[in-house]
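I open this notebook to keep track of what I look up, entry by entry. I begin with a pair of strands and work outwards from there.

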Amino acid sequence: MYKVYDNGNGKYSVKKDGSKRASKIFDNKNDAYDYCDKKNKELGIESSAKNNFIFRKIIIGVLSAFIVVIVAILGLKFGIFDASNLSSSSSNNTSSIVVNEGVHNEFQIHFLELGNKYSGDSIYIKAGENDILIDAGSLKGSAKYIKEYVDQYCIDGKLEYVIATHADIDHISGFVGNSSNGIRDGILYQYEVGTLIDFALTEKTHEIYKEYLEAREMLKANGTNVYTAAQAFNETDGAKRIYELGEGMQFQILYNKYYFELSKVENNHSVVTLFSYTKNGVKNDYLLTGDLEVEGEEAMVEYYKENPGILGHVVLFKAGHHGSKTSSNDVLLELITPEISVVTCCAWAQYTEKNANTFPTQQYIDRISKYTDQVYVTSVYDEENDDLGSLNGTVIISSNGEEVSMYGSNNTTKLKDTEWFSETVYVDSTGKLVTKDTAGAIAIPRRTMPAAWK
Ligand SMILES: [Ca+2]
Ligand SMILES: [Fe+2]
């Protein structure tokens with residue numbers, strides 16, 4: 001496949017995958033697009049070169065890198081930074097989307113670090129004038145991290161949409177927050193909420209779930225539109241399946257069998273959302289499946305194969321269930337062929353001692369590697385301090401409708417290039433993590449490089 005590259009000097013190259021030399025160099029971006037489309041057509045590939053986002057060469061020295069960082073910080077602070085104004089670095093890339101560093105203003109998905117060492121989700125989305133929050137972290141104390149972060153962007157005190165994917169505590173704790181003198185600091189108490197869409201079913205009975213239900217009732221009483229994903233999908237009781245966000249942006253609640261029947265696995269009740277940004281006739285999709293697992297993924301894929309034209313190729317796929325081995329299965333990946341995948345987790349042995357099964361799991365890595373090497377992970381466990389550490393940190397995937405950018409508050413290193421991926425760990429004969437001094441300990445790299453990433 002041919003792609004268009006921004007040489008950073010006002011010239012644009014068209015290059016074939018794997019080729020070091022440009023087939024042709026242009027002074028004009030559109031001419032490069034046209035030539036690229038023509039060459040791809042000769043190869044039998046029908047695609048718009050405009051959709052193959054532009055790759056910027058490393059042309060920044062130490063000083064300009066410093067300036068980029070400062071501008072990025074200021075830009076993020078004031079939400080005015082458009083990556084297209086900056087040169088930026090990148091590295092070899094195998095997918096058709098090329099990721100620049102930086103943040104576009106129009107459409108942003110932020111995968112938040114939550115200030116603690118537990119895996120959990122909180123995803124803030126800025127789409128035009130809309131502030132959207134999907135889930136609110138793993139601890140009640142996450143609320144204050146989320147609020148501080150969101151307040152950098154949300155200046156009207158209103159979250160137009162809030163989505164609670166499922167009732168597990170690592171997704172809803174920050175919604176309720178802590179209570180002090182009868183005042184709650186949870187997200188649902190701190191913002192005006194336009195519309196809340198949440199899971200239709202759960203078998204959870206824990207205290208935080210009960211507190212969530214109280215908050216839900218409070219919102220209803222205060223005029224928030226409160227719907228389950230089942231109501232949204234079926235468009236009953238005033239709920240909608242598709243919500244327009246203005247300027248070619250929308251999100252829709254996708255089908256999930258487990259809005260309508262109980263699953264043995266709580267994660268399968270997750271609300272699934274598809275965000276779309278269409279500009280100049282080119283539509284880019286972003287898929288968020290919460291913690292949906294294999295049964296849910298299979299049923300969803302079956303549904304969208306029977307109802308084609310809705311779910312297909314996506315720019316971004318949030319790794320299901322924090323990169324667990326039971327999510328992000330081949331059946332789904334084959335349909336969505338993701339170009340970027342973000343894992344929201346704190347990489348360590350939180351739920352298992354088996355090295356390969358710690359988040360993000362070897363199986364997730366092996367499966368996603370067939371589609372992209374642009375895999376980014378928010379956090380890692382800092383063993384020394386028994387605390388949160390960063391891999392990419394808070395990850396922002398953003399777009400102006402033409403280009404997609406990735407920004408990591410810590411760095412923009414792909415998972416495969418991180419120290420974490422290749423560092424030596426020690427396991428016993430069953431693959432369980434052990435200390436170096438344990439009898440029979442075997443030294444292995446933490447993750448095995450899949451063939452596609454070599
Ligand atoms: Ca708002
Ligand atoms: Fe989770």
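**Entry 1: the pairing criterion and a hairpin.** I count two strands as paired if DSSP finds at least two bridges between them. The model I am reading is predicted, and I keep that in mind throughout. I looked first at β14 (residues 242–246) and β15, which run antiparallel and are joined by four bridges. Within this pair I found Gly246 standing opposite Met249 of β15. The two strands form a hairpin with two residues between them, and I noted that Glu247, in the turn, has a positive phi of about 50 degrees.

**Entry 2: following β15 to its other partner.** I then checked β15 (residues 249–253) for burial and found that the strand is mostly covered, with four of its five residues buried. β15 is also joined to β16 (residues 273–279) by five bridges, and this pair runs antiparallel. Here I read off Ser276 in β16 as the bridge partner of Gln250. Going one strand further, I counted seven bridges between β16 and β17 (residues 282–288), again antiparallel, with Val282 in β17 as the bridge partner of Lys279.

**Entry 3: the sheet as a whole.** What order do the strands of this open sheet have? I wrote it down as β14-β15-β16-β17-β18-β19-β20-β21, eight strands with mixed pairing. β14 and β21 (387–390) stand at the edges with a single partner strand each, so one side of each is left without a neighbour in the sheet. Ignoring direction, I recorded that neighbouring strands of this sheet are turned by 20 degrees against each other on average.

**Entry 4: the chain in numbers.** I stepped back to the totals and noted eleven helices and 26 strands. Of the 454 residues in the chain, 50% are buried. Among the contacts with a separation of 6 or more, 64% are between residues 24 or more positions apart.

**Entry 5: helix α3.** Which residues of α3 (residues 142–150) are buried? I listed Ser142, Ala143, Tyr145, Ile146 and Val150. They lie on the same side of α3, because they cover an arc of only 165 degrees around the axis. The general rule I have in mind is that an α-helix has 3.6 residues a turn, so residues three or four places apart point the same way. I then asked what covers these buried residues, and the elements I found include β7 (123–127), β8 (130–134), α4 (169–176) and α5 (187–190).

**Entry 6: Asn116.** I looked up Asn116, which lies in the loop between β6 (107–111) and β7. Is Asn116 buried or partly exposed? I put it down as partly exposed, because 17 other C-beta atoms lie within 10 Å, whereas being buried requires 20 or more. Leaving aside neighbours within four places in sequence, Asn116 is in contact with Ser138, Leu139, Ser142 and Leu388; Ser142 is one of the buried residues of α3. I also noted Ser379, which is 263 residues from Asn116 in sequence but 9.4 Å away in space, C-alpha to C-alpha.

**Entry 7: Leu219.** I turned next to Leu219, in helix α6 (residues 207–221). Leu219 counts as buried because it has 20 C-beta neighbours inside 10 Å. Not counting residues up to four places away in sequence, Leu219 touches Leu188, Val193, Leu196, Thr224 and Val226. For Leu196 I noted a separation of 23 residues in sequence and 8.5 Å in space, C-alpha to C-alpha.

**Entry 8: the nonpolar cores.** The largest nonpolar core has 104 residues, and those touching the most other members are Leu133, Phe175, Ala229, Leu316, Val342, Ala347 and Ile397. Strand β19 (residues 340–347) gives the largest share of this core, six residues. I also found a second, separate core of nine residues, among them Tyr2, Val4, Tyr12 and Tyr33.

**Entry 9: confidence.** I closed with pLDDT, which averages 87 over the chain, with 86% of the residues scoring at least 70. Over residues 55–69 the pLDDT is below 50, although this stretch has 23 contacts in the model beyond near neighbours in sequence. Residues 75–96 also have a pLDDT below 50, and I noted 59 such contacts for that stretch. Where pLDDT is low, the predicted coordinates should not be read in detail.

Notes: Residues numbered from 1 in each chain as written. Chains lettered and ligands numbered in written order. Predicted model: local features only at pLDDT ≥ 70, side-chain atom pairs only at ≥ 80, totals over all residues. Buried ≥ 20, exposed ≤ 12 C-beta atoms within 10 Å, placed from the backbone. Arc of directions from axis to C-beta. Contact = placed C-beta atoms within 7 Å. Axes fitted to C-alpha atoms, helices over the stretch in contact; angles between N-to-C directions. Core = buried A, V, L, I, M, F, W, Y, C linked by C-beta atoms within 7 Å. pLDDT = per-residue confidence, 0-100.
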